[in-house]
Amino acid sequence: MLIAGFPAGAWGTNCYLVAPAAGEECVIIDPGHQAAEGVEEALKKHRLKPVAVVLTHGHIDHVASVVPVCGAHGVPAWIHPEDRYMMKDPSMGLGRSIGMPLMGEITVGEPDDVKELTDGAKLELAGLELSVAHAPGHTKGSVTFRMPETAEIPSVFFSGDLLFAGSIGRTDLPGGDMAEMLDSLARVCLPLDDSTVVLSGHGPQTTIGQERATNPYLREVADGQGATEAPRRGM
């Protein structure tokens, strides 16, 4: 399997290109602010052909390059229906002062083809299987994508802004809810095997085992307690 990732734009949002191997079809996850150039470079480097864009949620730092990327390659974008509105009006998902100077650089709107994600769906794209889990808390329509374990690699979990290395996504923007975040951590993350590789929306790679042992939010959810406040990432 090939996973090419890079941090993009003002918020350092991780964009991922996932394919069975170089020279094959791929899925693009979260092409955010100023990600289009990096996407094109990765496509060329690995000789990939995109078939879809899939989005963990609707915040502009994760969707700002959806229109140019989908338009350049004639592919659909997949997003949960509860976050779809943010593609047309990103300010509705933000505090009005956050990121406003950047708006002039961003093509706001939906691509020509938008498909909606549902909890428990299994997307068969580019020869890959992505299991979708609705995981509200950061936004109402946040989702995660999980790829199954194989003989060659452990399971891979694209957590968006649900779970980070040592932290979780913020819940203080419109649509955020700490109780929903804790429920999503317990329901979506805790059942995963310790060997599961976590590729999040911001920051470095980690594993579920590492986060189960050290992440204060995941540890206290596992213990059935309220989570201790600790620094959180994401927009």
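Q: Which residue just after helix 1 takes a positive phi?
A: Arg-47 does, in this predicted model. Its phi is about 60 degrees.

Q: Which residues of helix 1 are buried?
A: Start with the cut-off: buried means under 20% relative accessible area. Helix 1 spans residues 36-46. Its buried residues are Gly-38, Val-39, Ala-42, Leu-43 and His-46.

Q: Where on the helix do these buried residues fall?
A: Look down the axis of helix 1. The buried residues fall within an arc of 135 degrees, so they line one face of the helix.

Q: What is on the other side of helix 1?
A: Here the word is exposed, which stands for over 50% relative accessible area. Glu-37, Lys-44 and Lys-45 are exposed on that side.

Q: What do the buried residues of helix 1 pack against?
A: They pack against four strands: strand 1 (2-8), strand 2 (13-19), strand 3 (25-29) and strand 4 (49-54). Helix 3 (66-73) is also a packing partner.

Q: Is strand 3 enclosed or open, and why?
A: Count its buried residues. In strand 3, 4 of the 5 residues are buried, so the strand is largely enclosed by the rest of the structure.

Q: In which sense do strand 2 and strand 3 pair?
A: Their pairing is antiparallel, over 3 bridges. Take one position: Val-18 stands opposite Val-27 of strand 3.

Q: How many residues lie between strand 2 and strand 3 in their hairpin?
A: There are 5 residues between them. Check the turn for its backbone angles. Gly-23 sits there with a positive phi of about 80 degrees.

Q: In which sense do strand 3 and strand 4 pair?
A: These two strands are parallel, with 5 bridges. Glu-25 has Lys-49 in strand 4 as its bridge partner.

Q: What unit do strand 3, helix 1 and strand 4 make?
A: Follow the path from strand to helix to strand. Together, strand 3, helix 1 and strand 4 make a β-α-β unit, and this unit is right-handed.

Q: Is Thr-13 buried or exposed?
A: First place the residue: Thr-13 belongs to strand 2. Then read its accessibility. Thr-13 has 1% relative accessibility, so it counts as buried.

Q: What does the side chain of Thr-13 reach?
A: The side chain of Thr-13 reaches the backbone oxygen of Asp-61, at 3.0 Å.

Q: Which residues does Thr-13 touch, not counting residues up to four places away in sequence?
A: Leaving out those sequence neighbours, Thr-13 touches Phe-6, Pro-7 and Ala-8, then Asp-61 and His-62, and also Gly-201 and His-202. Asp-61 thus appears twice for Thr-13: as a residue it touches, and as the owner of the backbone oxygen its side chain reaches.

Methods
Residues numbered from 1 in each chain as written. Predicted model: local features only at pLDDT ≥ 70, side-chain atom pairs only at ≥ 80, totals over all residues. Heavy atoms only, no water. Buried < 20%, exposed > 50% of the residue type's maximum accessible area, 1.4 Å probe, protein only. Arc of directions from axis to C-beta. Contact = heavy atoms within 4.5 Å. Pairing = 2+ DSSP bridges. Right-handed = clockwise from strand over helix to strand, strands pointing away. Polar contact = N/O pair within 3.5 Å; in protein donor to acceptor, adjacent residues only side chain to side chain.
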